[in-house]
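Trainee: Could you take a close look with me at one part of this model, the loops and the surface around them? I would also like to know how far to trust what we see there.

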Amino acid sequence: LTYSKFSVVVSKVSTGSYKRQVYEVPSGKQLVDQAVIDRITWATWTSVLGDEVIGIWSRHAEKADVNCACVSHSGINLVTGDDFGMVKLFDFPCPEKFVRNFFWFASLQQEVLLILWSCIASLEDGKISFSKFAA
């Protein structure tokens with residue numbers, strides 16, 4: 001789940017259809033007006049779907065290849081985990097398709113199913129400076 005800045009809206013990924021769904025809280029009413037959704041300021045981001053993360057998908061990736069994503073507390077970096085045991089660090093947002101400018105790390109698992117930041121992170125002047133993330 002991804003929460004809006006004022007916890008008025010949540011975004012959810014429907015696992016079967018791979019469509020991003022956005023709901024009002026507490027009514028549970030689904031938002032379908034894209035103009036309204038585009039104006040939402042998100043406090044967190046854990047979805048692998050959306051215009052903000054199109055760049056995390058490689059040219060030959062299938063829908064199920066990227067399992068998880070999490071934006072840093074500062075909101076400028078995104079870390080993802082995939083079926084191949086790779087942890088990738090991107091600038092956020094990354095709306096351009098097939099981003100090639102990212103850092104990657106090999107995890108100890110065959111696949112990364114959950115990834116979360118545990119400290120504030122940043123990527124400035126081509127240098128990674130983050131304390132750690134959990135995979």
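Mentor: Happily; here is the chain as a whole, then the loops, the surface patch and the cysteines.

This is a predicted model, so local features are taken at pLDDT of at least 70 and side-chain atom pairs only at pLDDT 80 or more, while totals for chains, interfaces and linings use all residues. Residues are numbered from 1 along each chain as its sequence is written, and side-chain values use heavy atoms, with hydrogens and water left out.

Let's start with the frame. The protein chain has 1 helix and 12 strands (DSSP runs numbered from the N terminus: helices are H or I with at least four residues, strands E with at least two). From the N terminus on, their order is β-β-β-β-α-β-β-β-β-β-β-β-β. Of the 135 residues, 37% count as buried (buried is under 20% relative accessible area, exposed over 50%, partly exposed in between, with a 1.4 Å probe and protein chains only). Among contacts between residues at least 6 apart in sequence, 45% join residues at least 24 apart, where contact means heavy atoms within 4.5 Å.

As for trust, the mean pLDDT of the chain is 79, and 80% of its residues reach 70 or more; pLDDT is the predictor's confidence in each residue, from 0 to 100. Among the elements, strand 7 has the highest mean, 91, and strand 11 (residues 127-130) the lowest, 44. Please read residues 125-135 with care: pLDDT stays under 50 there, although the model has 34 contacts beyond four places in sequence for them.

Now the loops. Most residues other than glycine have a negative phi, and most peptide bonds are trans. The loop between strand 7 (86-91) and strand 8 holds Pro 93, and the peptide bond from Phe 92 to Pro 93 is cis, with omega near 0°. Phe 98 is found in the loop between strand 7 and strand 8 as well; its phi is positive, about 55°, although it is not a glycine. Phe 98 is partly exposed, at 31% relative accessibility. Another cis bond runs from Val 25 to Pro 26, with omega near 5°, and Pro 26 sits in the loop between strand 3 (19-24) and strand 4 (30-31).

Further along, Leu 114 lies in the loop between strand 8 (103-106) and strand 9 (116-117). Leu 114 counts as exposed because its relative accessible area is 54%. Leu 114 and Gly 81 are 33 residues apart in sequence, yet 6.9 Å apart in space, C-alpha to C-alpha. With Leu 113 and Leu 116, Leu 114 forms a nonpolar surface patch of about 300 Å² of accessible area together. Leu 116 belongs to strand 9 and is partly exposed, at 41% relative accessibility. Patch members have over 30% relative accessible area and no salt bridge; like charges are joined within 9 Å, nonpolar side chains (Val, Leu, Ile, Met, Phe, Trp, Tyr) within 5 Å. A salt bridge is a side-chain nitrogen of Lys or Arg within 4 Å of a carboxyl oxygen of Asp or Glu. Accessible areas come from the Shrake-Rupley method with a 1.4 Å probe, and for residues only the protein chains shown count as cover.

Last, the cysteines. The whole structure has 0 disulfides (a disulfide being a pair of cysteine sulfur atoms within 2.5 Å). The sulfur of Cys 68 has its closest cysteine sulfur in Cys 70, 8.8 Å away, so the two are too far apart for a bond. Cys 68 is buried, at 6% relative accessible area, and Cys 70 is buried, at 10%.
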